[in-house]
Amino acid sequence: MPRALHTLDHPLPKAVSLLCKAVQLSLTSQKGEGTLSCQAHCERASGYLNTSISLPLAPPSNWLNKGVELLVCDLLLTLRTSLWQRGGGANGEPGPVLSSQLAGFQRDLSSLRRIGQCYRQAQHKVFLHETTVRLMAGASPTRTHQLLEHSLRRRSHNPESSAEGECLLGERERAHAILLACRHLPLPLLTPPGHRARLLAEAKRTLERVGDRRSVQDCQQILLRLSGGTTIAAS
């Protein structure tokens, strides 16, 4: 951590610094010690974030702080998801989640819900990460599928229920929700192959627009497996 941050009273800059280090480790490290170090930085960043959220709002910087807290929390949850998905075996399926990993994810999800009380747009992110934690925890896949299908139908058929900006903000989360379903839900629960392919193609276009190249590659691999008639698995 930069020396200057040690003298700051506010925990939020420390959370940002530790998160940046965790992201850097996730991009440069392989499984093993690098992953453990990345998770340790996530835990420390999560602790500082939770402390920041608990502080009373003090204008004029309160809304700026809340915006940064939302960004940090969402990135923490996204990074934790990536680490979980990478921890699988040779067949590409995610491995069993450690209790400490699940507890950390649930703590950050609780923080996101608290931040969401200030930002209505954050509800798109809450839904995505709630779906993820159900998959990580091994909750009923049937119920997870029902919740996912309900939300996707509601957002597709009722775009007028949200403000224009919110619909745009929710597109990326919708795309990732589709990708999560196709990667991790049991094949018999998924909709007919033709519909799955259309949903994945839609998700791929959205992810291309936002520049999420890694997820675009995941979509492409699943689409190839669908066209080849092979089993869908996480890449």
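**A salt-bridge network and the helices around it**

Modeller: Let's start with a network of salt bridges that links Glu43, Arg80, Arg107 and Asp108. A salt bridge here is a side-chain nitrogen of Lys or Arg within 4 Å of a carboxyl oxygen of Asp or Glu. This is a predicted model, in which local features need pLDDT of at least 70 and side-chain atom pairs count only at pLDDT 80 or more, while totals for chains, interfaces and linings use all residues. Residues are numbered from 1 along each chain as its sequence is written, and side-chain values use heavy atoms, with hydrogens and water left out.

Colleague: Thanks! How far apart are the closest N and O atoms of Arg107 and Glu43?

Modeller: This pair links distant parts of the chain, with Arg107 in helix α5 and Glu43 in helix α3, 64 residues apart. Helices are DSSP runs (H or I, at least four residues), numbered from the N terminus. In the salt bridge between Arg107 and Glu43, the closest N and O atoms are separated by 2.4 Å.

Colleague: Which helix holds Arg80, the salt-bridge partner of Glu43?

Modeller: The side chains of Glu43 and Arg80 meet at 2.7 Å, N to O. Glu43 sits in α3, and 37 residues separate the two partners; the helix of Arg80 is α4.

Colleague: Is Arg80 buried or exposed?

Modeller: Buried means under 20% relative accessible area, exposed over 50%, and partly exposed in between, using a 1.4 Å probe and protein chains only. Glu43 has 31%, so Glu43 is partly exposed, and Arg107, at 30%, is partly exposed too. Arg80 has a relative accessibility of 8%, so Arg80 counts as buried.

Colleague: Which residue forms a salt bridge with Asp74?

Modeller: Asp74 is in helix α4, and the pair links distant parts of the chain, 51 residues apart, with the partner in helix α6. At 15% relative accessibility, Asp74 counts as buried. The closest N and O atoms are 3.3 Å apart, and the partner is Lys125.

Colleague: Which residues does Lys125 touch, leaving out those up to four places away in sequence?

Modeller: Lys125 lies in helix α6, residues 123–137. Contact means heavy atoms within 4.5 Å. By that rule, the residues touched are Leu70, Asp74, Leu112 and Glu173.

Colleague: Leu112 turns up there, and I'd like to place it in the core. Which element gives the largest share of the largest nonpolar core?

Modeller: A nonpolar core is a set of buried Ala, Val, Leu, Ile, Met, Phe, Trp, Tyr and Cys residues joined through side-chain atoms within 4.5 Å. The largest one has 36 residues, and Leu49, Leu76, Leu79 and Leu112 have the most contacts inside it. Two or more residues come from each of α2, α3, α4, α5, α6 and α8. The largest share, eight residues, comes from α4.

Colleague: How far apart are the end C-alpha atoms of helix α2?

Modeller: Helix α2 has 17 residues, 12–28. The expected span is 1.5 Å times one less than the number of residues, which means 24 Å for α2, in agreement with the end C-alpha separation of 25 Å.

Colleague: Last one: which residue makes a side-chain polar contact with His184?

Modeller: His184 lies in helix α8, residues 164–184, and its relative accessible area is 15%, so His184 is buried. A polar contact is a pair of N or O atoms within 3.5 Å; within protein, one must be able to donate a hydrogen and the other to accept it, and residues adjacent in sequence count only if both atoms are side-chain atoms. At 2.9 Å, the side-chain partner of His184 is Gln85.
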